[in-house]
Amino acid sequence: MGASQSREGLDLSDSDDYESESDEQNTTTSESSEQYEDAQSSSSNKTLDEVDAKLKALKLKYPSQQNPNLKNAVKLYLHVGGNTPKAKWVVADKLTSYKFIKTTTIDTHNGATDDDEDDFGGDGFWVLKVGSKIRARVSTDMQLKMFGEQRRVDFVNRGVWAMKFFGDEDYRGFLTKFQDCLFENVYGLRASDENKVKVYGKDFMGWAKPEVADDTMWEDADDGVWKSPSKTPVRANQALLEEFEEAATNGGIQSLALGALDNSFLVSNSGVQVVKNFSHGVHGKGVYVKFDSGGKRGSSSNMDGANSTPKKALLMRGETNMLLMSPLNEGKPHSTGLNQLDIETGKIVTEWKFEKDGAEITMRDIANDTKGSQLDPSESTFLGLDDNRLCQWDMRERKGMVQNIANSNSPVLNWTQGHQFSRGTNFQCFATTGDGSIVVGSIDGKIRLYSKTSMRQAKTAFPGLGSPITHVDVTYDGKWILGTTDTYLILICTLFTDKDGKTKTGFSGRMGNKIPAPRLLKLTPVDSHMAGVDNKFHGGQFSWVTENGKQERHLVATVGKFSVIWDFQQVKNSAHECYRNQQGLKSCYCYKIVLKDESIVDSRFMHDKFAVSDSPEAPLVVATPMKVSSFSMSGGRR
């Protein structure tokens, strides 16, 4: 299946389709879960205000001052029809009210009363209650989206809903209360200035109060010494075109290992399939290295462990070798060792163990020393991460000799440098820049920056927003960081001006108190609902460059059957239309969607060298368990 442009989910349709819920006895929340179709809607989009004007002209609109004494009055709509041409909004309640209540259960029969409202003390969590139809825990799972010009918010709660407010003050008051309740639900503290300083730190108050943050770095990032000479202008008519789709040998794809040279690799349940790299994508079935759990070292393979399927594949040594790490137990990433595959011979040549001071330890993730070091034919070191460890491993002995693989015992990797933190870091994921600086994401949402010379103490520690960072990436130059959470991506600018007036990144020094607020990348409520309740963002990545002076152009992440692509320059542009009339952190909803017919395992852009002259970007490779597809970005001339 092809690519489609994200939409708002049809703001509100004309009066002919503008029906009350009582007029549609067969309309239920489940209707909004219809199949997401690729076709664009042919009906013209109308705003809520335009619809209200039409209804007033037809004398169908309720009086604007109806029941003026009703506290927190709103009009409630339900979205039905998913992202199909039949999609529309229906009136769920012409006049109702909302309230925030504190409770210990979402159960509508728990006896919560109006007296619970505004109670910021005691146990429990905050819930948004709208009439008798909605009772939702205040969280990022609601995917709340603001429409300031329409005095409207959309959100997800077993369906997609819209609330229209009757005045600007009512609208702003709701947003302030929602954000305060969200803060308390996340951190367990009342949303006071004192508690925000306690959570974020005084240097990061721009994260808590974006309106006071210094956003000049977002505008200046591409100026001066940081300017990218090869930036490609954004073109409105760019489209994703599917070039290839082929079935994977034996299926069961677990991960992608894209190469910058001749080949890329599909890692599956039973082996590694080699595919050829072309300027239009990856295809062609090459050598297939099969895993044989009964084999011996030096044979076609030997994958030890209770769960032999590799969950992590890392190319190195000029892309002639691959490190394969399998978890000890299903559902947990930790491993006590890894296997080294010689791609040219198709054999596992070494089984490595992780040890420190003679004791076996585990790693949850591995990464190359730098963003381009997989191209170095002499590379013998790589980085390792565990819950409370960050280190570098060396596949050579201390005297520089390669391990003797003929030894009957698995060789031990040499811990060359690093730090074992006492407790509390809860590292989840990491990535490296072009010069070897390291960014680490944690379960508490914190993102730490380490220089290439020290793994003991972070130069900068961003506080995060409370959601666990499940994946992290960084641009080649270290200026931008992309963190992935279950419900949004967070884009962070690391640039700052030091006391001498020099522009630096947070990898090289303490950023001080003029730190730009981050930006969030989200799905619209309709797209989020279509992606499915249990589907979460994973694997957010920048497009791939390995040279100074080149700038990444796109960001991509996966959620369910969607591969979602943002234009990097558009996200950085503070004047972008998405950011108008927003309250709180700026959130970008402008993206393209690639839809597949099964859940997507991974989505990544090929290396920048594969971008052809009429395309602003290298092809996008999308892998599902059974297939791999390649998409080219067209400039509108094809």
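This is a short talk about one predicted protein chain, its helix 3 and a few of its salt bridges.

Okay, hi everyone. Some housekeeping before the fun part. The model is predicted, so local features need pLDDT of at least 70 and side-chain atom pairs count only at pLDDT 80 or more, while totals for chains, interfaces and linings use all residues. Residues are numbered from 1 along each chain as its sequence is written, and side-chain values use heavy atoms, with hydrogens and water left out.

So, the overall view. The chain has seven helices and 41 strands. Those are DSSP runs numbered from the N terminus: helices are H or I with at least four residues, strands are E with at least two. Of the 638 residues, 55% are buried. Buried means under 20% relative accessible area, exposed means over 50%, and partly exposed is in between, using a 1.4 Å probe and protein chains only. The accessible surface adds up to about 27,200 Å², and carbon and sulfur atoms own 45% of that; the areas come from the Shrake-Rupley method with a 1.4 Å probe, and for residues, only the protein chains shown count as cover.

Now contacts, meaning heavy atoms within 4.5 Å. Take the ones between residues at least 6 apart in sequence: 60% of them join residues at least 24 apart.

Let's zoom in on helix 3, residues 193-200. Which of its residues are buried? They are N195, K196 and Y200. They sit on the same side of helix 3 because they cover an arc of only 115° around the axis, where the arc is that of the directions from the helix axis to the C-beta atoms. A handy reminder: an α-helix has 3.6 residues a turn, so residues three or four places apart point the same way. On the other side of helix 3, you'll find E194 and K198 exposed. And what covers the buried residues? Helix 2 (168-187) and helix 4 (205-208) are among the cover. Right after helix 3 comes G201, with a positive phi near 90°.

Next stop, D365, which is in strand 20, residues 365-367. Buried or exposed? D365 counts as buried because its relative accessibility is 11%. Leaving out residues up to four places away in sequence, D365 touches K312, M325, L383, G384, L385, C429 and F430. There's also S335: its C-alpha atom is 8.6 Å from that of D365, with the two positions 30 residues apart along the chain.

Let's stay with K312 for a second. The side chains of D365 and K312 form a salt bridge, 3.4 Å from N to O. A salt bridge here is a side-chain nitrogen of Lys or Arg within 4 Å of a carboxyl oxygen of Asp or Glu. That pair links distant parts of the chain: D365 in strand 20 and K312 in strand 14 (residues 312-316), 53 residues apart. K312 counts as partly exposed, because its relative accessibility is 26%.

How many salt bridges does the structure hold? There are 17. One of them joins K102 and E184, with the closest N and O atoms 2.5 Å apart. Here too distant parts of the chain are linked: K102 is in strand 3 (residues 88-103) and E184 in helix 2, 82 residues apart. Both K102 and E184 are buried.

Last one: K550 and E547 form a salt bridge at 3.9 Å between the closest N and O atoms. Salt bridges with shared partners join E547, K550, R553 and D608 into one network. That's me done, thanks!
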